[in-house]
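Here's a friendly walk through a structure you may be meeting for the very first time. Keep the picture open beside the text and find each spot as we get to it.

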Amino acid sequence: MSKRNTKVQSGSTVFYVPTTRVLPYFAIPFILYLFACFIPVIGAVYYSLNNTFNFSFTYVGFGNYRKLLSDPIFWHSLKNNFIIMFVSAMFQFVPAVIIASMMTTGIVKGKNFLQSMYFFPSIVSSIVIANVWKVMFATRGGIINNLLITMGLSAYTQNWLADPGIIMTTVSIPLAWQFIGYYLVIISSGISNIDNSILEMATIDGATGYKRTIHIILPLIKNMLVVSLVICISGSIKIFDQVYALTLGGPGYASSVLAMYAYNKSFVEGNFGYASSISVSMLVISFAMIIMLNVAKRMVRDDA
């Protein structure tokens, strides 16, 4: 068969198509992907090497990155991103694993209904979710403070959206609530792909409940868990909309995250060069975290 032909398989049928006819179908999505992803990244790197106030360019090399290293607001925003990442892992990912496992073991009934109910918040706009919770967190007339007063716990009422000491807890609660169902669906789909005979044999051998989850289910869906963690990490680094809707990064910069700080630097102050250096640092941090996760996964696999 000529090397200029490409093998194409549809079900059990195999046929060959001239490569020149196949390439355009790959070229079009590649070009779209190039313009949507790579060119903006290259542009961000270029901007980050310049002082760019209102599109007036002055080349400064790595000056913006050196400034980042001594910028306390940048480090505070990064710390807030890591707080959100920890909350996402502990209160989105872990509960999703537990609930999905309980559904598999039959402890929880109505699997399809519950999956739909848990997943529903994740398809609602984050701005809508944030505004609903903003009303609930209101100091006067807010559902949470009113509930505490009704229960005789008025001493525990808080200025939820204006107290720097608790603001990251306030911001994290809607995030944790919204996306549990998202990870639940991903992990449930991984569990549903496990051969039932494996689970039945495990039950016969006495592996039930949490033992079956830890020793049988989790090892078999570890790739799905890694994918979920990658989504969790990337989402935590680029979080913006809920913080913007809830607090605008305030009070002051108490709840600022990297994307929020980059937004303020670019669209409020007009310093696109410095904002681009923040954006590039977000990309580098995300890649570093994902690489560390994959290295950890490999080490665990080698130990096993």
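In this predicted model, H5 passes H7 in a right-handed crossing. To find the pair, look for helix H5 at residues 126–136 and helix H7 at residues 167–192. Their axes come within 10 Å and cross at roughly 130°. Angles of 65 to 115 degrees count as roughly perpendicular and those over 145 as roughly antiparallel, and H5 and H7 are therefore oblique to each other.

Now stay with H7 and bring in another partner, helix H4, which covers residues 111–123. Here the axes come within 6 Å, and the crossing angle is roughly 125°. That makes H4 oblique to H7. What is the handedness of the crossing of H4 and H7? This one is left-handed. If you wonder about the choice of numbers, two packed helices are described by the angle between their axes and the distance between the axes.

Next, follow the chain out of H5. The loop between H5 and helix H6 (143–150) is where you'll find Thr-139. Is this residue buried, exposed or partly exposed? Thr-139 counts as partly exposed, because its relative accessibility is 40% and that label covers values between 20% and 50%. Thr-139 also has a partner in space: Asn-159 is 20 residues away in sequence, yet the two C-alpha atoms are 5.2 Å apart.

Let's jump back to helix H1, which runs over residues 19–48 and includes Ile-42. Ile-42 is exposed, with a relative accessible area of 57%. What does Ile-42 help to make? It belongs to a nonpolar surface patch of about 800 Å², together with Phe-30, Ile-31, Tyr-33, Leu-34, Phe-35, Phe-38 and Ile-39. As a rule of thumb, an α-helix has 3.6 residues a turn, so residues three or four places apart point the same way.

Further along the chain comes the loop between H11 and H12, and it's worth a slow look. Leu-248 sits in this loop and has a phi near 55°, a positive value in a residue other than glycine. Leu-248 is also exposed, at 52% relative accessible area. Pro-251 lies in the loop between helix H11 (241–246) and H12 too. What kind of peptide bond joins Gly-250 and Pro-251? The bond is cis, with omega at about -5°.

After that loop you reach helix H12, residues 258–268. Eight of its 11 residues are buried, so H12 is largely enclosed by the rest of the structure. Among the buried ones are Leu-258, Met-260, Tyr-261 and Asn-264. Just after H12, Gly-270 takes a positive phi of about 75°.

One more stop, and it's about charge. Side chains of opposite charge can pair when their charged atoms come close. How many salt bridges does the structure hold? It holds one. The salt bridge is formed by Lys-265 with Glu-269, and their closest N and O atoms are 3.0 Å apart. Lys-265 is one of the buried residues of H12, and it counts as buried because its relative accessibility is 13%, under the 20% limit. Glu-269, on the other hand, is partly exposed, with a relative accessible area of 40%.

Technical notes
Residues numbered from 1 in each chain as written. Predicted model: local features only at pLDDT ≥ 70, side-chain atom pairs only at ≥ 80, totals over all residues. Heavy atoms only, no water. Patch = residues over 30% accessible without salt bridge, like charges linked within 9 Å, V, L, I, M, F, W, Y side chains within 5 Å. Areas by Shrake-Rupley, 256 points an atom, 1.4 Å probe, with all protein chains shown as cover. Salt bridge = Lys/Arg side-chain N within 4 Å of Asp/Glu carboxyl O. Helix = DSSP H or I, 4+ residues; strand = E, 2+ residues; numbered from the N terminus. Buried < 20%, exposed > 50% of the residue type's maximum accessible area, 1.4 Å probe, protein only. Axes fitted to C-alpha atoms, helices over the stretch in contact; angles between N-to-C directions. Parallel < 35°, antiparallel > 145°, perpendicular 65-115°, else oblique. Left-handed = near helix turned anticlockwise from the far one by under 90°.
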